[in-house]
Amino acid sequence: MTERTTLYLHARHAVGEVSPRIFGGFLEHMGRAVYGGLYDPESRHADADGTRGDVLEALRELRMTVMRYPGGNFVSGYHWRDGVGPRDRRPTVRELAWQSIEPNRFGTDEFIRLCRKLDWQPMLAVNLGTGTPEEARDWVEYCNSPVGTRNADLRAANGSAEPHAVPLWCLGNEMDGFWQLGHVPAKQYALRARQAAQLMKACDRSIETVACGTSHPEMPSFLKWDRAVLQRLGELADYISLHRYVGNYDDDSREYLALSKSIDRQIESVDACARYVQQRLKLLRRAYLSFDEWNVWYRTFDLAKLDGQGKFAPPLIEERYNLEDALVVGQFLMSFIRHADSVKIANFSQVVNVIAPLLTLGDELLKQSIYYAFRMFSSRRGGVSLRCPVDGPSYASERHGEVPCLDCAAVLDGTKLHVFAVNRHLDGPLELAVDFAGADIAQVADAEILCADLKAENSFESPDEVRPETFDGWSVSGPTGNAAAMLPAHSLVATSFELAG
Ligand code: AHR
């Protein structure tokens, strides 16, 4: 017997507008992400700026909206002045977060040029590990002030008379973590972040800031840290950050595909914390959530693999991804959509070579399974997230409790309805019926499916093992306006329906 899940949607039961910024990325000076990834003047794909055209082309297709830079852990030892001005005068320095060599050939102005090419909003992280609040302020002036003062004039001398207009600024990175250069307890971090935010906002009142939240929900200080930081920063923090890397450590795919429930919980707990602080401090504005690092990362998560051994652009954490990882990536995005009222920014970590959807090998480029999962969502980005009650089979996960076999999200975009679903069932297909109150579903505008062997992965030799195909399994049942389809075991299906006018 086929088991059916019904997804009950109502046009008026909206969670909130899906922020385009949840389709962001993250580029760190780490391993071969910048050098040998995006920036490689030696490559036959290099353009006049030294950036790789093939990588840019592939990223353009992902339609990312915002790009976080330059770290990550890297930023806690980074001094932005090292990365501006004539290249031959920029210092080569020892990079201590990843034990690598940083020649500073790529810096602020190169990054901004890249953002302009790809239509990304820049999101810069300042150094609150070994840097000072004043250095952070000066960077805002360099990027955002009109000419006429020291740092803005420096930018003009470096070729950009017009301000870079950077709207988003992270107040450090993972400062709760013992591994972070300059790590301090919450109180001290909050003091530094407060000073920095005050100076930065005094320099440009339009900027938005992201305070460091806890770097992982398993950290002992989870929520305590977040509350302490938000209470001390008040309205100086427009957002609080969340990070999360997950993996199938026990090779238990049932559990792995259930963990999106814990992503929901992580978001809901930090959201509750932000609301709590708003009420306690009687603030007019609350801090929203910036999920500014997220992905699957576990195969290469080991200390030996995090050490660049004093080399320039050493290959670090070049994770290979299979189908089940792509399903989990889809589940992250579904969770962000379901929490559209609180998650306003999210950055897929990272973009190339380092735990990334893209891998380069010499002049070759590989699109990994997770690349396609992200694209299936970002090409259906606009609209309002709808509540997603489902009625159907579920299973008991040891770690995450009862989870529905189908994980769903839905977005209403004018006369289009986007429905996303992951079938967590490992052995059999499941039927999904979409019951939409509000308008009739007239037809399928387009639908794609990502499905293969659970462990299948793309490689340079065999690049098309996991890639989306057109899904033609939907039947739309005329005047009742509902739609139903059989979703194959362990698959991701993304569909845009046309609604009757
Ligand atoms: O993305 C790799 C690293 O993971 C980042 O530098 C850090 O912020 C996180 O721990």
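Colleague: What makes β17 and β25 edge strands in the open sheet of five strands?
Modeller: The order of this open sheet is β17-β1-β22-β26-β25, with mixed pairing. β17 (390-391) and β25 (475-476) each have a single partner strand, so one side of each is left without a neighbour in the sheet. This is a predicted model, in which local features need pLDDT of at least 70, side-chain atom pairs count only at pLDDT 80 or more, and totals for chains, interfaces and linings use all residues. Residues are numbered from 1 along each chain as its sequence is written, and side-chain values use heavy atoms, with hydrogens and water left out.

Colleague: How do you know that β22 and β26 pair?
Modeller: Two strands (DSSP runs of E with at least two residues, numbered from the N terminus) pair if DSSP finds at least two bridges between them. β22 (residues 430-437) and β26 (residues 483-487) run antiparallel and are joined by five bridges, so they pair by that criterion. Within this pair, Leu432 stands opposite Ala485.

Colleague: Which strands are at the edges of the open sheet of seven, and how do you know?
Modeller: That sheet has the order β2-β16-β20-β21-β27-β23-β24 and antiparallel pairing. Its edge strands are β2 (14-17) and β24 (469-470), each of which pairs on one side only. Inside the order, β20 (residues 406-413) and β21 (residues 416-423) are antiparallel with eight bridges between them, and Leu406 of β20 faces Asn423 in β21.

Colleague: Why is the space taken by the ligand called a pocket?
Modeller: The search runs on a 1 Å grid over the protein atoms alone, and a pocket is an open set of points with protein on both sides within 12 Å along at least five of seven lines. A molecule sits in one if more than half of its atoms lie within 2 Å of its grid points. The space taken by the ligand is the largest pocket.

Colleague: How do you know which residues surround the ligand?
Modeller: A residue counts as near if one of its heavy atoms lies within 4 Å of the molecule. The residues that surround the ligand include Phe26, Glu28, Gly72, Trp98, Glu174 and Tyr245. By class, the shell holds five nonpolar, four polar and three charged residues, with Gly counted as polar and Glu as charged.

Colleague: What makes the approach of Asn173 to the ligand a polar contact?
Modeller: A polar contact is a pair of N or O atoms within 3.5 Å. A polar side-chain atom of Asn173 is 3.0 Å from a ligand oxygen, so the pair qualifies. The side chain of Gln350 also has an N or O atom 3.0 Å from an oxygen atom of the ligand, and a polar backbone atom of Asn73 lies 2.9 Å from a ligand oxygen. The ligand alone exposes 280 Å², of which the protein buries 94%, with areas from the Shrake-Rupley method and a 1.4 Å probe.

Colleague: What makes the backbone at Gly72, Gln350 and Arg63 worth a look?
Modeller: Most residues other than glycine have a negative phi, and most peptide bonds are trans. Gly71 and Gly72 are joined by a cis peptide bond with omega about 15°, and Gly72 lies in the loop between β4 (66-69) and β5 (93-95). The bond between Ser349 and Gln350 is cis as well, with omega about -5°, and Gln350 belongs to the loop between β13 (343-349) and β14 (358-361). Arg63 has a positive phi near 50°, in the loop between α1 (53-62) and β4.

Conventions. A polar contact is a pair of N or O atoms within 3.5 Å; within protein, one must be able to donate a hydrogen and the other to accept it, and residues adjacent in sequence count only if both atoms are side-chain atoms. On a 1 Å grid over the protein atoms alone, a cavity is a set of points where a 1.4 Å probe fits but cannot get out, and a pocket is an open set with protein on both sides within 12 Å along at least five of seven lines; lining residues have an atom within 4 Å of a point. Helices (H or I, at least four residues) and strands (E, at least two) are DSSP runs, numbered from the N terminus.
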